[in-house]
Amino acid sequence: AALLARMMVERGKIFPGFLGLLIDPDWSLRLGAMVTLEEIAASAPHLASNVLDELWARLPEVSDPVRGDVFYLTGILGSGEWIPRLQGALSVYRTPDLAAAIEDALDALGNLPG
């Protein structure tokens with residue numbers, strides 16, 4: 001994960017196939033991609049946060065576990081600008097697990113400094 005993250009940071013872009021890994025149904029692939037994205041965020045937060053729009057665009061086509069991970073990543077990578085979108089998602093994604101993931105992301109973003 002660290003090597004892949006470093007390669008993307010050095011090139012200043014997220015590799016084309018990487019987003020597919022973030023929404024892959026296979027948990028182990030998705031987890032590896034999430035760890036890589038968190039590594040990217042540590043040194044290039046703007047680069048990591050750029051993937052959120054694309055991930056959110058894919059929410060209608062992915063499973064609930066993937067949606068939960070997208071909400072988790074939003075809480076980790078997003079800014080306060082994502083709060084209204086997350087609040088809106090609460091009315092769309094009503095399962096207890098997804099509601100909890102959204103609330104956790106809202107809590108994370110609500111506790112941002114400044």
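User: How far apart are the mean positions of the positive and negative charges of the chain?

Analyst: Keep in mind that this is a predicted model. The chain carries 8 positive and 15 negative charges. Take the mean position of each set, and the gap between the two comes to 7 Å.

User: How many helices and how many strands does the chain have?

Analyst: Start at the N terminus and read along: the elements go α-α-α-α-α-α-α-α. That pattern fits the count for the chain, which is eight helices and zero strands.

User: What is the radius of gyration of the chain, and what does the globule rule give?

Analyst: With its eight helices, the chain is as compact as a globular protein of its length, because its radius of gyration is close to what the rule gives for 114 residues. Along the principal axes, the C-alpha atoms fill a box of roughly 40 × 35 × 20 Å. As for the two numbers you asked about, the radius is 14 Å and the rule gives 13 Å.

User: What share of the residues in the chain is buried?

Analyst: Let's look at the outside before the inside. The chain exposes about 6,200 Å², and carbon and sulfur atoms supply 56% of that. Of the 114 residues, the buried ones make up 39%.

User: Among contacts between residues at least 6 apart in sequence, what percentage joins residues at least 24 apart?

Analyst: Here a contact means heavy atoms within 4.5 Å. Take the contacts in the chain between residues at least 6 apart in sequence, then pick those joining residues at least 24 apart: the share is 60%.

User: Which residue meets Arg85 in a salt bridge?

Analyst: The structure holds four salt bridges, and one of them joins the side chains of Arg85 and Asp53 at 3.4 Å, N to O. Arg85 sits in helix H7 (residues 83–92) and its partner in helix H5 (residues 52–57), so the pair ties together parts that are 32 residues apart in sequence. Arg85 is partly exposed at 37% relative accessibility, and the partner, partly exposed at 46%, is Asp53.

User: Is Arg67 buried or exposed?

Analyst: Arg67 meets Asp64 in a salt bridge of 2.6 Å, N to O. The two are three residues apart in helix H6 (residues 64–77), about one helical turn. Asp64 is partly exposed at 31%. Buried means under 20% relative accessible area, and Arg67, at 13%, counts as buried.

User: What is the N to O distance in the salt bridge between Glu54 and Arg58?

Analyst: Glu54 is partly exposed, at 31% relative accessibility. Arg58 is also partly exposed, at 24%. Their side chains meet in a salt bridge, and the N to O distance is 3.1 Å.

User: Which residues is Thr36 in contact with, leaving aside its neighbours within four places in sequence?

Analyst: Thr36 has its place in helix H3 (residues 27–43). At 3% relative accessibility, Thr36 counts as buried. Leaving those sequence neighbours aside, the contacts of Thr36 are Ala1, Leu4, Ala5, Met8 and Phe18.

User: How far apart in space are Tyr72 and Glu103, C-alpha to C-alpha?

Analyst: Tyr72 lies in helix H6 and is partly exposed, at 38% relative accessibility. Not counting residues up to four places away in sequence, Tyr72 touches Met34 and Glu38. Tyr72 and Glu103 are 31 residues apart in sequence, and in space their C-alpha to C-alpha distance is 9.5 Å.

Technical notes. Residues numbered from 1 in each chain as written. Predicted model: local features only at pLDDT ≥ 70, side-chain atom pairs only at ≥ 80, totals over all residues. Heavy atoms only, no water. Helix = DSSP H or I, 4+ residues; strand = E, 2+ residues; numbered from the N terminus. Rg over C-alpha atoms; globule rule 2.2 N^0.38 Å. Buried < 20%, exposed > 50% of the residue type's maximum accessible area, 1.4 Å probe, protein only. Areas by Shrake-Rupley, 256 points an atom, 1.4 Å probe, with all protein chains shown as cover. Lys, Arg positive; Asp, Glu negative; His and termini not counted. Charge placed at Lys NZ, Arg CZ, Asp CG, Glu CD.
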